[in-house]
Amino acid sequence: MPEKIKVLSEKCDGCGQCLQACAFFAVDVVEGKAVLAESCVECGACVPACPTGALEMAGEGAGAKAGGIWVFVPEGTPLAAITAARAVADEQGTTVSAVVAAEPTDPSRYYAAGADEVLVLKGPADAAGLLIEAARKEGPSAVFGLGLATARRVLPRVAAALGSSYVALADELMPAYGEKTVDANRPYYSGRFRTRVTPSGKTAVFTLDPVAFAAVGRDAGRRGQVRSLELPDAVRRDPDPVSVEKVAREVPLAQARVVVAGGPGLGSAENFAKLAALAAKLGGVVGASKEAVDLGWAKPAQLVDSSVGVIYPNLYLAFGIDGSTTHNAAIAKARVAVAVNDKPDVGILGVADFVIAQDPAAVLEAMLAR
Amino acid sequence: MKAFVCLSVSFSTWNILWSMGALDTSEAQRELPVMDRSALAMAKQAGAEEIIALGWVQATDESVFRQGLAFGANRAVRIAQPLDEAAATDPLVVASGLAEAIRKLAGADSAPPGAAGEPAKAEPAKAEPAKVLVFCGEASAEFGRGAVGPMLAELLGIPVVTSARALEAAGGVLTVQAWEDDGVATFKLDGPAVVTVGADAPAPGKPNMMAAAKAMRAPIETIDIEPRPASLRPRGVTSNEQRRRGKEPVAGSNLAETVQVLFGRLRERKVV
């Protein structure tokens, strides 16, 4: 019989939530009360699922299990990585800890997203230092983070300090049932290909593609607990900013719904600059071919090219772009691509859904006048 | 202080062949990624006494070092040991090798380099934090998508600022503007650090002819670093190849009508 997990009969109302949480079919409800079977591996997944607190895990925090999955959640960032970790944890029969640097005012939203506990790291160090020290002490099986600025700075540091595998911007996670390993798919050669990798070592570290992992769970019935970990010896290395200007970062090309892009066929920087007005009209952003960037018409951040990455817009409008192999690979995931180009035999014509074979600058003017 | 700029390779015009899960990159053309150019520009702005372009790329990709020299590096050093596919795409392997190389080169005199292909002068690794500035183009061709910079910082025991978009140097202090989750943060750095350079940092255009010609004659040094074992096991490659689309011409009797027809079709597809 399981020794660590206990059913408090007086609290159990036989609702069956624990049955659904158990990946090993090791819970049953008999005469209105939960009963744990011999096959229980004491993963602890049922404990936070119980809405009445009738399941208790001895020796550890009720919400988390040693060797569970940690999710690093910088302040003010989406909780989608918690939801992704929840799916993996359910396959593996383990738990999810949302790791934060400050006591949360509303921990219930972390639980609703899929966390079993909120782990507050306290100490004089920066986020990377705290996370490294905490991971050394508690040995999570994996550390996840949504691939935004802070996580992409902190988590590689953690992987380097622990000597762990690091998977950057995974866009698919494939946990092995009942095991601790997680295979991941990630972009390869800047998104033209994808590769599946298996991390090795004790604590694998992953950042998750924010587009592929955008969903946040909203299970209001989930319960959890807040736990603090004091780390006075953690090392501070990274500088604090002297100031922060709260500005919205331009929507990255990879996340834009509409991309209006231009190339040398527009004829001049002045014509290229008009793309911004059309992008604003359509609620999109401006992209550019490599030639337009090289001409100084656009910033490198606007480059549409698979050497930078694949983009996923609903609509891609290309004015005066001939369509190199790398450009066309970058727009392969666009739902609809429109080419405006008056040259007869250019690469983009082979990949566009619609083609307007007229002077790009004139068509742009006509669209703006519309 | 010496500055190191970590160079990688961008596959600019691909002829990468994919068949049965294996890739053949032999026909692909290589060049220095745009963000690595930005990193070289920032190293110059930082007023480093010497800029060393350092990379762990194949000998056949030596052209990126020549471009690095043309864009302002004083020396170019290539890690000589070849990496297999698994190791080359594992940011921890790359960062560990670069960190070891930086420690060795930071300790060495900036004496005239040996002839191309000969190991550079080096000293044993030191445990204390490295006294260097390191610049990396972020999310360029390295497969860690911006991971090598922070890993280097950890392995060198120095701070890191990521996604830098601008840098100024005054009185021995670097003022760096960089993207954080909630906006643009300003950092002051007065010592060793790693700075990863984001996509919206200014990039130099083309080098002038003199610099390019000088770079063609400059030696590319090599340094020996034994790679650590790869921590990621590749399990196969799948293609994200473009799907062929049915080209549909859009035309009207004049431009205004053509535009109207197009937007009608886009509305049918529910994309506007």
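**Exercise 1. The strand pairing across the chains**

Find which residue stands opposite Thr198(A) in S14(B), and describe the pairing that holds the two.

*Solution.*
Step 1. Opposite Thr198(A) lies Arg233(B), a residue of S14(B). The model is predicted.
Step 2. Thr198(A) lies in strand S12 of chain A, residues 193-199, and this strand is joined to S14(B) by six bridges. The two strands run antiparallel.
Step 3. Widen the view to the whole contact. Chain A puts in 78 residues and chain B 73. On the side of chain B that touches chain A, the most comes from S14(B), residues 232-239, with eight residues.
Step 4. Sort that side of chain B by class. There are 40 nonpolar, 17 polar and 16 charged residues.

**Exercise 2. The strand S16(A)**

Decide why S16(A) counts as largely enclosed, and name its neighbours.

*Solution.*
Step 1. Count the buried residues. S16(A) spans residues 258-262, and five of the five are buried, so the rest of the structure largely encloses this strand.
Step 2. Check the two faces. Val258(A), Val260(A) and Gly262(A) point one way, while Val259(A) and Ala261(A) point the other way. Residues on both faces are buried.
Step 3. Take one neighbour. S18(A), residues 315-319, runs parallel to S16(A), with five bridges between them. Here Val260(A) faces Leu317(A).
Step 4. Take another neighbour. S17(A), residues 285-288, pairs with S16(A) over four bridges, again in the parallel sense. In this pairing Gly287(A) is opposite Ala261(A).

**Exercise 3. The seven-stranded sheet of chain A**

Give the strand order, the edges and the twist of the open sheet, then place H6(A) on it.

*Solution.*
Step 1. Write the order. It reads S9-S13-S8-S5-S6-S7-S14 in chain A, and the pairing is parallel.
Step 2. Mark the edges. These are S9(A), residues 166-170, and S14(A), residues 225-230; each pairs on one side only.
Step 3. Read the twist. On average, neighbouring strands are turned by 25 degrees against each other, direction ignored.
Step 4. Look at one pair inside the order. S5(A), residues 69-72, and S6(A), residues 96-100, share four bridges in the parallel sense. Phe72(A) has Val99(A) as its bridge partner in S6(A).
Step 5. Add the helix. H6(A) packs on the sheet and touches S5, S8 (142-146), S9 and S13 (204-208) of chain A. The direction of H6(A) makes about 165 degrees with that of S13(A).

**Exercise 4. The helix pair H5(A) and H6(A)**

Classify the crossing of H5(A) and H6(A), and list what meets there.

*Solution.*
Step 1. Choose the descriptors. Two packed helices are described by the angle and the distance between their axes.
Step 2. Apply them. The axes of H5(A), residues 127-138, and H6(A), residues 149-162, come within 9 Å and cross at roughly 40 degrees.
Step 3. Classify. At that angle the helices are therefore oblique to each other. The crossing is right-handed.
Step 4. List the residues. H5(A) brings Ala127(A), Ala128(A), Leu131(A), Ile132(A) and Ala135(A). H6(A) brings Thr150(A), Val154(A), Arg157(A), Val158(A), Ala161(A) and Leu162(A).
Step 5. Sort by class. The contact has nine nonpolar residues, one polar and one charged.

**Exercise 5. The helix H2(B)**

Name the buried residues of H2(B), and say what covers them.

*Solution.*
Step 1. Count. H2(B) runs over residues 63-70, and seven of its eight residues are buried.
Step 2. Name them. They are Val64(B), Phe65(B), Arg66(B), Gln67(B), Gly68(B), Leu69(B) and Ala70(B).
Step 3. Find the cover. It includes strands S1 (2-7), S5 (29-31), S6 (50-55) and S7 (75-79), and helices H1 (34-45) and H6 (209-217), of chain B.
Step 4. Look past the helix. Gly72(B) follows H2(B), with a positive phi near 125 degrees.

**Exercise 6. The two chains side by side**

Tabulate the secondary structure and the buried share of each chain.

*Solution.*

| Chain | Helices | Strands | Residues | Buried |
|---|---|---|---|---|
| A | eleven | 20 | 370 | 56% |
| B | seven | 15 | 272 | 49% |

Next, take contacts between residues at least 6 apart in sequence. In chain A, 64% of them join residues at least 24 apart. In chain B, the share is 70%.

Key: Residues are numbered from 1 along each chain as its sequence is written. Chains are lettered from A and ligands numbered from 1 in the order in which they are written. This is a predicted model: local features need pLDDT of at least 70, side-chain atom pairs count only at pLDDT 80 or more; totals for chains, interfaces and linings use all residues. A residue is buried if 20 or more other C-beta atoms lie within 10 Å of its own, exposed if 12 or fewer, and partly exposed in between; C-beta atoms are placed from the backbone. Two strands pair if DSSP finds at least two bridges between them. Axes are lines fitted to C-alpha atoms, for helices over the stretch in contact, and angles run from 0 to 180 degrees between N-to-C directions. Angles under 35 degrees count as roughly parallel, over 145 as roughly antiparallel, 65 to 115 as roughly perpendicular and the rest as oblique. A crossing is left-handed if the near helix is turned anticlockwise from the far one by less than a right angle, and right-handed if clockwise. Two residues are in contact if their C-beta atoms, placed from the backbone, lie within 7 Å. Ala, Val, Leu, Ile, Met, Phe, Trp, Tyr, Cys and Pro count as nonpolar, Asp, Glu, Lys and Arg as charged, and the others, Gly among them, as polar.
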